[in-house]
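Below is a guided walk through one multi-chain model. Keep the viewer open and follow along chain by chain.

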Amino acid sequence: MSLLEVRQLAVAYGDAAAVWDATLQVRPGEVVAVIGPNGAGKSTLVNTIAGLQRSRGGELRFGGVDLCAVAPHLVCRQGIALVPEGRRLFTRMSVEENLEMGAYRGEARRSRAATLERVYELFPILRERRRQLAGSLSGGQQQMVAIGRALMARPKLLLLDEPSLGLAPAVVDQMFEIIRAINGEGVAILLVEQNVVRALEIAARAYVLEEGRTVADGPPAILRQQSRIREAYLGLRDGGDPNP
Amino acid sequence: MPSLTLLGQAVVSGLLAGGIYGLLALGLSLSWGLLRLVNLAHFALALLGAYLTYQLGTSLHAPAWLAVLAIVPAFFVLGMGFHAVFAYFRVTEFASLLVTFGVAVIIESVIQWFWTADYRRYETAYATASLRVGPLFVPTLELLACLTAAVLALATWAWLRFSYVGKALRASAEDPAMAAAFGVNHRRQAFLLSGVSAAYAGIAGAFIALISTLAPAQIWAWLGVVFAVVIIGGLANPIGALLAGLLIGVSESLTMAVVTPAWAPLVSFSVLIVILIARPDRV
Amino acid sequence: MSTPGRRAAVGLLVAALGFAALAVVGLPAFYESFLYMIFSWIALATSWSFLSGYAGYFSFGHGAFFGAGMYTTATLTTVLGLPFLATLPIAGALAAALGAGIGAVVFRVKRLRGELFGLLTLAVGFVLATIVLNTRIDGGPGVYLSSVPLPRLLASPTGTLYLLGLALAVATVGAAYAISHSRLGLGLYAIHDDEDVAEGKGVPTFAYKLLAFALSAGVAGVAGGIHAMYVSYVTVGETFSITVPLYVVLMSVLGGARHWLGPAVGATLIASSLYAFTGGQQALVGRAVVALALIVVILLLPDGVVPTMLARWRRWRPRRLDMAPVLAVPPALAAPPAALACEEVWRAFGGIQALRGVSLRVEPGEIVGLVGPNGSGKTTLINVVSGYYTADRGRVTLGPDTLSARPAHEIAALGIARTYQIPRPFAHFSALEDVALAATFGPARPTPRQARAEAYGWLEFTGLARRATALPHELNLHERKFLELARALAGRPRVILLDEVLSGLNPGEIASAIRLIQQIRAQGVAVLFVEHLMRAVLELCDRVVVLNEGEVIAAGSPRDAMRAERVVEVYLGKARVVA
């Protein structure tokens with residue numbers, strides 16, 4: 001039984017199709033990566049799952065519920081939380097207020113204090129900075145707030161869109177540690193990542209998205225052997241070892 | 001150079017007048033900052049509130065506090081009604097300026113229809129009461145208005161700062177899609193805020209009825225001053241609005257005392273122009 | 001000039017002569033003053049639309065210029081004893097200077113558009129009123145002009161004012177017609193829809209806005225001068241009341257602020273209905289009705305009465321494309337060819353360094369691919385080259401010319417054209433008009449007819465000819481992307497900057513876009529090609545420059561550059577460094 005089921009999803013901005021035909025599934029507690037070159041529609045895909053974008057066709061089910069029929073502000077009630085690309089924090093609100101916004105919906109709000117404590121344990125630096133405006137933090141700390149905000153919703157599925165983008169290498173390492181830790185608590189993770197090597201290290205399975213379509217999927221060990229990824233990213237058609 | 005007592009008196013009356021500016025600016029600042037609606041009708045609503053207070057007081061002999069109790073819920077509903085129209089037609093920030101301009105003119109005409117263009121004065125037993133602090137006079141009603149402004153500003157600040165609804169409003173103002181992704185229903189809160197903003201206009205109106213002489217064209221006299229206050233104070237910043245109101249009030253009354261009363265409008269409008277040119281990003 | 005336009009101009013002239021003849025024959029004084037009021041409102045509303053309607057800078061300060069004119073005439077006639085007619089040009093010039101002065105400050109601040117510009121102009125009116133009230137210009141009690149002699153153009157004084165009003169109204173509507181059919185008007189319309197793009201296509205936006213503001217204020221000044229004589233008693237309260245800015249906005253918006261005749265129609269409708277409700281309570285009802293009309297129009301007919309009616313008419317009787325013999329081959333590009341060079345270009349936003357010393361060169365007839373992950377600075381570089389941003393350090397040159405530090409419209413005129421990643425067509429321009437705008441402000445400076453013919457040629461070249469009359473919202477994404485390309489070409493570029501032209505296109509559309517780009521290169525144009533779709537980069541580019549975090553990390557033939565170790569790391573990520 002899969003937690004998230006996406007079948008032949010199509011999404012468009014006006015008449016500009018961004019996703020034509022995306023199919024993937026995530027099982028409870030699993031880490032799944034979506035990789036593919038810029039402009040392939042990865043962000044559109046996760047934004048649609050989170051309710052930020054409406055789909056134009058295909059199927060989108062979460063825990064058996066048809067997400068296409070759920071109002072955007074009610075999607076998070078189902079147990080989905082998004083860490084969007086570029087973080088999109090509420091920059092004029094404090095760190096703690098951002099975290100509280102994550103626990104806006106009913107159940108999460110009731111257990112807010114406990115979850116907040118848990119998030120501060122995960123990111124001790126955020127406890128120190130909790131009164132500071134979110135916009136004044138460094139990139140890595142902002143990413144922590146974005147992840148913390150999503151965790152505050154007590155999700156069953158965490159959508160992570162490019163969590164390593166623009167971060168220093170040491171911070172990237174830390175970020176992947178944290179993702180692993182979150183997953184260790186049983187939260188399923190759908191990870192969109194441009195750092196293919198790192199994404200494939202952490203994921204149980206991965207999907208390759210290209211020009212709005214899922215073109216390959218499978219466990220990392222198998223995908224690494226395919227030249228498909230290298231071709232999509234670098235345009236190189238030759239074989240060879242894609243793993244530097 | 002006027003005497004120190006005169007200057008002191010000018011500062012006091014400036015602070016008190018500034019309180020009314022702050023009170024008027026409060027609702028405007030909220031709807032502009034959090035809903036991106038520039039509501040010119042806010043002034044007209046305040047004046048309508050003033051005339052209603054006057055009417056209830058003179059013909060039904062209802063005390064002002066009773067009038068406020070009637071006006072505040074009525075205006076709350078009215079504000080939500082306005083918002084229903086804005087939401088239905090998806091009025092943009094700029095179009096809201098034109099539409100509310102029209103609403104203001106209609107309200108002005110309605111006021112003039114019922115109460116004529118003649119000056120009206122709500123005479124009460126306590127209208128002229130004042131406290132004496134050393135050599136300075138502090139009119140009681142104006143002090144009360146100023147304190148109300150301060151209390152409302154603080155309460156609004158606390159509401160936005162600490163309540164979940166307030167946080168959701170601020171979050172939606174910055175990134176509505178992300179706020180919705182965490183469960184915020186922006187539509188419902190926009191209605192609430194519009195109602196609150198209109199209710200504030202009603203409260204301001206009641207004080208205006210008690211303090212000043214009423215005339216329909218008063219709507220336009222506030223326009224520049226209060227917009228200057230809103231922008232100086234920072235959008236959706238209740239405390240800022242109050243402080244900016246006090247600042248403008250004092251600078252106006254000092255201008256009146258030192259130069260001549262007629263130069264006073266120049267202060268607020270010049271400040272508004274300078275801020276718009278130098279710091280347009282504040283808005 | 002289109003035939004219906006010419007017909008309208010002839011109609012205007014006939015109407016003017018008719019009204020003039022009426023006056024000579026003699027009208028009852030009531031009708032003379034009724035019509036004078038309408039003429040005065042026509043002049044005010046129409047002149048307001050020069051800046052606020054065409055360019056979309058809504059001003060609530062028109063009353064200030066009107067008032068400036070009134071007080072100029074009042075002061076000059078009563079204090080200096082100048083003849084009334086001689087004061088009118090002075091009133092106009094003074095108001096125009098005031099407008100230009102305000103514009104010179106305000107138009108330098110990019111964010112002062114929309115509601116902020118409106119508020120600012122409103123404040124200017126109040127400041128002016130305060131100054132007039134408190135200085136010797138008025139001093140408080142107002143100025144009487146009753147003893148100023150009125151030249152007898154006609155038997156009655158009302159007849160004279162009627163004629164002056166008529167002359168001003170006709171001149172203003174005529175000017176509106178001329179502006180809306182000129183380069184200036186075209187530029188203003190483009191500013192209305194997208195000022196940044198207009199500047200990038202060669203429209204000198206600052207100068208045009210200033211000119212429009214000065215003209216607009218000047219007409220209001222003359223109208224004020226005449227009106228001072230009409231009311232013969234000038235007070236600050238009446239002159240600078242909210243009435244003028246309110247009604248002017250109303251009339252223009254009701255009639256259609258973007259159409260040369262719209263404000264005149266709106267002024268006639270509103271001024272006559274205000275006259276219908278005269279006296280006491282009725283006037284009140286009239287004002288409320290006008291305000292209600294404004295609300296209804298904004299909500300339901302945001303374009304105004306005249307444009308809405310015209311659109312109905314056109315749907316009913318579709319317009320045929322009025323076209324000169326069509327050029328089969330698009331006009332030649334790239335004369336004389338020149339290379340684009342960036343030398344050590346730096347640019348920061350706040351604390352973020354978006355470009356760190358980028359150097360690259362694109363030769364005529366060469367396609368250079370600019371690739372790199374999101375946020376690596378590709379679009380920033382395009383914005384710097386096209387002049388939207390200025391470089392903090394470094395130099396951009398086109399052949400012998402230095403581009404850095406020039407305004408964008410000059411850079412466009414020198415032969416640099418760009419496309420936008422998300423197409424930004426002018427919302428109210430048909431495909432043909434959009435491309436014609438770029439041709440008009442391009443280096444060749446064609447006549448309007450030539451520009452349209454040339455534009456049609458480019459539409460054919462990009463396969464859009466049958467969509468020539470379509471508005472942007474009627475075009476699909478692929479058509480809008482090709483429209484971007486067509487209008488970039490219409491600027492006769494020597495260098496073309498393509499920002500992700502292929503994103504969002506389907507495979508068939510991609511193939512045809514690639515063919516077009518190859519044809520453009522064949523004409524000797526230098527092409528800088530930003531793209532994520534790597535197979536297109538490999539197919540098209542002679543060389544590739546790879547950016548990462550604002551730095552060039554590799555350059556060379558596509559295959560070599562994409563194989564460089566740094567590039568592979570940037571694209572695929574680096575394995576964890578084990579501590």
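**Chain A and its fold**

In chain A, take the contacts between residues at least 6 apart in sequence: 66% of them join residues at least 24 apart. Keep in mind that this is a predicted model.

The secondary structure of chain A comprises 10 helices and 10 strands. Its C-alpha trace spans about 55 × 40 × 35 Å along the principal axes. The radius of gyration of chain A is 18 Å. A compact globule with 244 residues would have a value near 18 Å, so the two agree. Of the 244 residues in chain A, 53% are buried.

Now go to the start of the chain. A:Met1 lies in the segment before strand S1 (4-13) of chain A. Is A:Met1 buried or exposed? A:Met1 has 7 other C-beta atoms within 10 Å, and a residue with 12 or fewer counts as exposed, so A:Met1 is exposed. A:Val26 sits 25 residues away from A:Met1 along the chain, yet their C-alpha atoms are separated by 9.3 Å.

**The nonpolar core**

In soluble globular proteins, nonpolar side chains tend to be buried together. The largest nonpolar core here holds 388 residues. Which of its members touch the most others? They are A:Leu159 and B:Val226. In chain C, helix H9 (residues 205-231) gives the most to this core, with 16 residues.

Select A:Leu159 to see its surroundings. Leave out residues up to four places away in sequence. A:Leu159 then touches A:Val46, A:Ile49 and A:Ala50. A run of further partners follows: A:Ile80, A:Ala81, A:Leu82 and A:Val83. A:Leu190 is also touched by A:Leu159.

**Where the chains meet**

Start with chains A and B. The contact involves 21 residues from chain A and 15 residues from chain B. On the side of chain A that touches chain B, helix H2 (residues 95-102) of chain A supplies the largest share, 4 residues. That side of chain A has 11 nonpolar, 4 polar and 6 charged residues.

Next, turn to chains B and C. Here 33 residues of chain C are in contact with 33 residues of chain B. Four helices of chain C each supply at least two residues of the side that touches chain B: H4 (84-106), H5 (114-134), H11 (243-255) and H13 (280-300). H5(C) gives the most, with 14 residues. By class, this side of chain C divides into 25 nonpolar, 5 polar and 3 charged residues.

**A four-stranded sheet in chain C**

Chain C holds an open sheet of 4 strands. Its order is S4-S3-S6-S7, and the pairing is antiparallel. Why do strand S4 (352-362) and strand S7 (401-402) of chain C each have one side left without a neighbour in the sheet? Both stand at the edges, each with a single partner strand, so one side of each has no neighbour there.

Strand S3 (residues 340-349) of chain C pairs with S4(C) over 8 bridges in the antiparallel sense. Two of the bridge pairs can be picked out. C:Arg347 has C:Leu355 in S4(C) as its partner. C:Leu340 is bridged to C:Val362 in S4(C). S3(C) and S4(C) form a hairpin with 2 residues between them. In the turn, C:Gly350 has a positive phi of about 55°.

S3(C) is also joined to S6(C) by 5 bridges, and these strands run antiparallel. C:Leu340 stands opposite C:Leu398 in S6(C). Thus C:Leu340 has a partner in S4(C) and one in S6(C).

Helix H15 (residues 378-385) of chain C packs on the sheet. H15 touches S3, S4 and strand S6 (393-398) of chain C. The direction of H15 makes about 115° with that of S3(C).

**Parallel and antiparallel pairing at S11**

Finish with strand S11 (residues 543-548) of chain C. Strand S5 (residues 367-371) of chain C runs parallel to S11(C), and 4 bridges join the two. C:Leu370 is bridged to C:Val545 in S11(C).

S11(C) also pairs with strand S12 (residues 551-556) of chain C, over 5 bridges in the antiparallel sense. C:Asn548 has C:Glu551 in S12(C) as its bridge partner. The hairpin of S11(C) and S12(C) has 2 residues between the strands. There, C:Glu549 takes a positive phi near 45°.

Terms used. Residues are numbered from 1 along each chain as its sequence is written. Chains are lettered from A and ligands numbered from 1 in the order in which they are written. This is a predicted model: local features need pLDDT of at least 70, side-chain atom pairs count only at pLDDT 80 or more; totals for chains, interfaces and linings use all residues. Two residues are in contact if their C-beta atoms, placed from the backbone, lie within 7 Å. Ala, Val, Leu, Ile, Met, Phe, Trp, Tyr, Cys and Pro count as nonpolar, Asp, Glu, Lys and Arg as charged, and the others, Gly among them, as polar. Two strands pair if DSSP finds at least two bridges between them. Axes are lines fitted to C-alpha atoms, for helices over the stretch in contact, and angles run from 0 to 180 degrees between N-to-C directions. The radius of gyration is taken over C-alpha atoms; the globule rule is 2.2 Å times the number of residues to the power 0.38. A residue is buried if 20 or more other C-beta atoms lie within 10 Å of its own, exposed if 12 or fewer, and partly exposed in between; C-beta atoms are placed from the backbone. A nonpolar core is a set of buried Ala, Val, Leu, Ile, Met, Phe, Trp, Tyr and Cys residues joined through C-beta atoms within 7 Å.
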